[in-house]
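Q: I'm new to this one, could you walk me through the fold and how the two partners meet?

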Amino acid sequence: MVTEATADTATADTATADTVPAPWPRPPQPYRSPLVRLIGQARGVRGRLLGAAILGGLASGCAVALMATSAWLIARAAQQPPVLYLMVAVVAVRTFGIGRGVLRYLERLVSHDAAFRVLGRMRERLVAHLAVLAPAGLPLWRRGDLLSRMVDDVDDAGDAFLRGLLPLAGAVLVGGGTVVLAVLILPAAGAALAAGLVVACVVAPLMTARWTARTERQVVRQRAQRARLVNEILDDLPELTVLGALDGRMAELDAIENEHQRVTVSTARAAGLATGLAVLSMGAAVWLAARWGVPAVVDADLDPVLLAVIVLTPLALTDVVQAVGFAASTLRRSAASTGRLFAVLDAQPATAPEPLDPLPLPQDPGGPVIAVRGVCARWPGAQRDALTDVDLVLVPGRRTVLLGESGSGKSTLLAVLLGFLTPTAGTITVDGVDVAELDAEAVRGLFGWCDQRAYLFDSSLAENVRLARSGASDQEVAQALRAVGAGDWLDSLPDGLETRVGEHGQAVSGGERQRVALARAVLADRPVLLADEPAAHLDPATADAVTDLIMRPSTERSVLLVTHRASDAVLGDVVLELVDGRCRPVARRAAPLTTTTP
Amino acid sequence: MRPLDPRLLRYAAGVRTLLVVSVGLAVLSAIAVITQAVLLAGILADVIIDGAGLPDVADRLIALAVVIAVRAGLAWASEEIAKRSAVSVTAGLRRDLLRKAATLGPRWRSGENSGELSVLATTGVDSLHDYVARYLPQLVLSVLIPLIMLGYLFTADLTSAIIVALTLPLIPLFMALVGWYTDRQTKAKWDSLSRLAGHFADVITGLPTLKVFGRAKAQAASVRRVTEDYRKTSMVTLRVAFLSSMVLELLASLSVALVAVAIGLRLVYGDMTLQVGLAVLILAPEAYLPLRQLGTQFHAAADGVAATAKVLEVLETPVAPPGTRTDLPAVPGLRLEGVIIGTPGERGAVGPLTLRVPAGRITVIVGRSGIGKTTLLHLLAGMLGPDTGRVLVEGAAGGSRVNGRATPSAGEAESVDTSAGSATGADSPAAGDRGGSEPLDCGTLGTDVDLADVDPGAWRSRLSWAGQGAALQAGSIRDNLALGNDGVDDATLRAALAWADADGFVDALPQGWNSALGEGGSGISQGQRQRLSLARALARPSSVLLLDEPTASLDADTERRVLDGIARSAAGRTVVLVTHRSAPMAIADQVIELDSDAPVTLPQDNPDALTAVGPW
């Protein structure tokens, strides 16, 4: 029964890991297996884990001991001694019979408690580290699927303990204990049992793993091809049906499936062989115990009663062999997941280290003037600069429109302003003070922010707005919402501010979502508002409404609107255009007035 | 959780075969296990009681070796067979699932099912692999092995047989109880577990936002607090949940202990032979083993069972029988009568719609995104049936019948500059000046035919479709253009490329239209992909052209040229173009505006009434 239950899953994991750009730059450190590092995470929980391993070992040990004592009891009883001689064995048999269930119960409680604790710590460390990295320091930030994948990875890491390491530790305890018992009774039989266990629990799983690894590359490629083709077929179904081309694409799918089948046949054979080998080696241990035990009894080297013990006990190890097979496949899968988690924890932030002794933030009563001078910036791992020699000044009361095609570096400029990315050259100053001298958190406190697609947390509407200023009253939150034209929407919600939004809450339209983001900015009441394509995902009418809200004239606030809509240029006091990371002013009058909306 | 859905047997022949083979292998391996036990017990009893030596038991040792080898062989065979069938079963189900999705049409796939179907067809079906490869064979074993062992025990030793017979049924009973309890009680646990994971995911995804508002650093502590709370509450639940599995384990091992003690006591009084006693001791745990292993496989199976249920639900979704009528006019017109999709007023609902698409003319349908323009095209393509109302093909039984598929000749197609239609049917009027012409007369109007009664194949042969997705695939541009249009000649394709304003960029490629596209048409821009998709639609010898936002990714100049091409290619075709842009209205013979507030109703006798609606 030694098989790779999840060999295929494991291979898929490795594939995903390959597509993630390597975290950079990584301090040189000796490679340590992610599973070893995971155990390192368990500091403070090690006692519980050890306890769980021992309890688990004792629980499976009970099954083996039950067989051993029963064999002894029956063989001895057949010699018809006074019943009194058997009483200890009778009690032992019953105790072991009860012991397994009870010990397993305790083991489960202790191990789950420990796993919860380790996972809690892991999540906490991840979030703390990600809070530093976010969002520029993590290449996978732009791939939402990988981000949510990380959530599953943490659960997989928990599996590594519950279904991998702990059962393995228990199996080693029981297997070792049984071998010691066998060696004490008849050394040759003990050696045969040890060899049998090594073949069944080490050689056979390794054989499967080796064989799976050989076909892994092909299987991963086929799986990816297949997924892509399935998704294409589903996306294109109307066209394919009308064009009558569905059969052709299904034939392509069949070709991939046939190829996949051809490759997996060898994996199936390897798994079958490994299973057969495990059964054979454990059977051989029993057979050899009988083959060597019988002459030993004849030579009076072995008590005949113990012959029954040494021949029958290995039969009870089937469970242990199977548990090792399961644990091995779980660990293979978890190793990939855990590896990804540590890659995140090893990633270095994309920002320069913060000053140890930051200067106080200048407090100009007129509001901060933020000047960007000759700034160049490059995303980690990128081949070229995203921004080259950019100049920009944000002055209170002035509304700046920054035009640019996608990929021209607009979002990079915002990331630099928000301190998510440190410029490679040039300076950013707040009232003449270089931000490198200031506390990054304090500088960020100058900016309100409205993203392309505002993120709504799985919480109430009120909480989603209130995160901009903790401690704001419900009334202030509602006021902020009304100020951005979300009043009607708010009134239409049966639960009002307590309406749940986000993942599990009510569906929120794109326009409502952007208004929540604006309400956050209003509530936070920061002197500079940065808006990154706030209307990108909205229909023209809503887009205009949202843009107008952002560009409402104000004497004390400065606004930077980043947009690809040339029509927004008329709204700015200053209009700039980014082309290939270079910034140039656009004369207001000359701004293209062609509009994309009817 | 239902261990095996009998419907699966109907849809996956591989599962049937696997079950039959598994039954055979299970019986054989049960016989091998019993033989091994009897041989071992015999050898031990002779040595322990009668003092037999190696020569006395030599032949039985040889037989034992053979049995062990046979058991290994059976284990190999069942493992390999199970894995191989799992691969073919999943492949078959995936195929059936996609075919069914094609039959069910776009509406079924939209809404809640979108995305879900893609997940189901990939990872969902994959999760059936372990269910088929591991759980099903184990299920067979756990039904058969205990029965066979019990049968042997009854012939060997009645007392032990009774102990096993009394406790064995309790195990599936407790499993059912555990399952029931799991369903009921631990549903709450899983809910809170997913809430926990949800909270974590939420925090991670929203970190940039939290960071801007200075709330990021506090999150680590909040995550810790939530996890700690979760640990405390779930440990309380687990203390009870694990109790039932403890009872399960207890039953299995305690009854073996009872059997052993009972045998021991009878042996002391000479009521039983040692050989029988040992054989029973070896076999009693074997009776419980498959059931206990089934429990440990539960984890791998749970995903598979859930996926099975979903797959079967899709496969069993009823489909209305397709229509059979093929007597369609060469250039059909279409009419919607009170068509409603979904529940009016709810999200995604469309209608009520009453409108007419006149034959041989260009109808442009405008409306904001999400109003149901694409759904309307699906209706017209017959991929979607209305919940209320009818979609009618006008004048189907009229004078003009199709005498086979309308095929453009190369000559006609080349004369694009005189706007000759590539799809001019045998009896459609000569192409010429379209401006202000009357709707095409399709001969004497006969009875209209409900689209639901029309043979889908016959209807599709009339249709061309260019959707929002370009539906291009890896291969040369020419192959993509000729997709589903076998035997089309180069001249027709060239003409279509020119209409779609795609000839310029295609010719500019180093290898022209022999240039290869990547997966999903990668290698060219979105706008170029869309124009190729349009060219493909125009090249088809079809008389109904359904175009979904054909100019969505194009700049104004290209858009104008493309629209011009569509107009020129449209002679003798019924064209429906949906868009949220204003430019396409320039080529329209009729404009229909979809608006959720003002349901479109159109007097049947005045099809052009709606041209007046809207600011144009």
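**Helix packing and the chain contact**

A: We can begin in chain B, where helix 14 (residues 490–499) and helix 16 (residues 526–539) pack at an angle of about 130° with their axes 8 Å apart; axes here are lines fitted to C-alpha atoms, for helices over the stretch in contact, and angles run from 0 to 180 degrees between N-to-C directions. That angle makes helix 14 of chain B oblique to helix 16 of chain B, given that angles under 35 degrees count as roughly parallel, over 145 as roughly antiparallel, 65 to 115 as roughly perpendicular and the rest as oblique. This is a predicted model, in which local features need pLDDT of at least 70 and side-chain atom pairs count only at pLDDT 80 or more, while totals for chains, interfaces and linings use all residues. Residues are numbered from 1 along each chain as its sequence is written, and chains are lettered from A and ligands numbered from 1 in the order in which they are written.

Q: And which residues of helix 14 and helix 16 of chain B meet?

A: From helix 14 of chain B come T492(B), L493(B), A496(B), L497(B) and W499(B), and they meet A535(B), L538(B) and A539(B) of helix 16 of chain B; two residues are in contact if their C-beta atoms, placed from the backbone, lie within 7 Å. The residues of this contact divide into seven nonpolar, one polar and no charged, where Ala, Val, Leu, Ile, Met, Phe, Trp, Tyr, Cys and Pro count as nonpolar, Asp, Glu, Lys and Arg as charged, and the others, Gly among them, as polar.

Q: Stepping back, how many helices and strands are there in chain A?

A: Chain A has 16 helices and twelve strands, while chain B comes to 17 helices and eleven strands; helices (H or I, at least four residues) and strands (E, at least two) are DSSP runs, numbered from the N terminus.

Q: How much of chain A counts as buried?

A: Of the 598 residues of chain A, 51% count as buried, and buried residues make up 51% of the 616 residues in chain B. A residue is buried if 20 or more other C-beta atoms lie within 10 Å of its own, exposed if 12 or fewer, and partly exposed in between, with the C-beta atoms placed from the backbone. In chain A, residues 24 or more positions apart account for 81% of the contacts with a separation of 6 or more.

Q: How many residues does the contact take from chain A and from chain B?

A: It takes 115 residues from chain A and 109 residues from chain B. Helix 7 (residues 246–298) of chain A gives the most to the side of chain A that touches chain B, with 26 residues, and the residues of that side divide into 71 nonpolar, 21 polar and 23 charged.

Q: What about helix 7 of chain A and helix 8, at what angle do they cross?

A: The axes of helix 7 of chain A and helix 8 (residues 304–312) of chain A come within 9 Å and cross at roughly 170°, which makes helix 7 of chain A roughly antiparallel to helix 8 of chain A. The contact is made by V286(A), A289(A), A290(A), G293(A) and V297(A) of helix 7 together with P304(A), L307(A), I310(A) and V311(A) of helix 8, and its residues divide into eight nonpolar, one polar and no charged.

Q: Which residues touch the most other members in the largest nonpolar core?

A: Of its 359 residues, I74(A), A308(A), L44(B), L283(B) and A535(B) touch the most other members; such a core is a set of buried Ala, Val, Leu, Ile, Met, Phe, Trp, Tyr and Cys residues joined through C-beta atoms within 7 Å. The largest share of this core, 20 residues, comes from helix 3 (residues 46–78) of chain A. Leaving aside its neighbours within four places in sequence, L283(B) is in contact with I34(B), A37(B), M149(B), Y152(B) and L153(B).

Q: Changing topic, is R557(A) partly exposed or buried, and why?

A: R557(A) counts as partly exposed because it has 19 C-beta neighbours inside 10 Å. The place of R557(A) is in the loop between helix 16 (540–550) and strand 10 (558–563) of chain A.

Q: And why is helix 10 of chain A largely enclosed?

A: Seven of the eight residues of helix 10 (residues 410–417) of chain A are buried, so the rest of the structure largely encloses this helix. Just after helix 10 of chain A, G419(A) takes a positive phi of about 75°.
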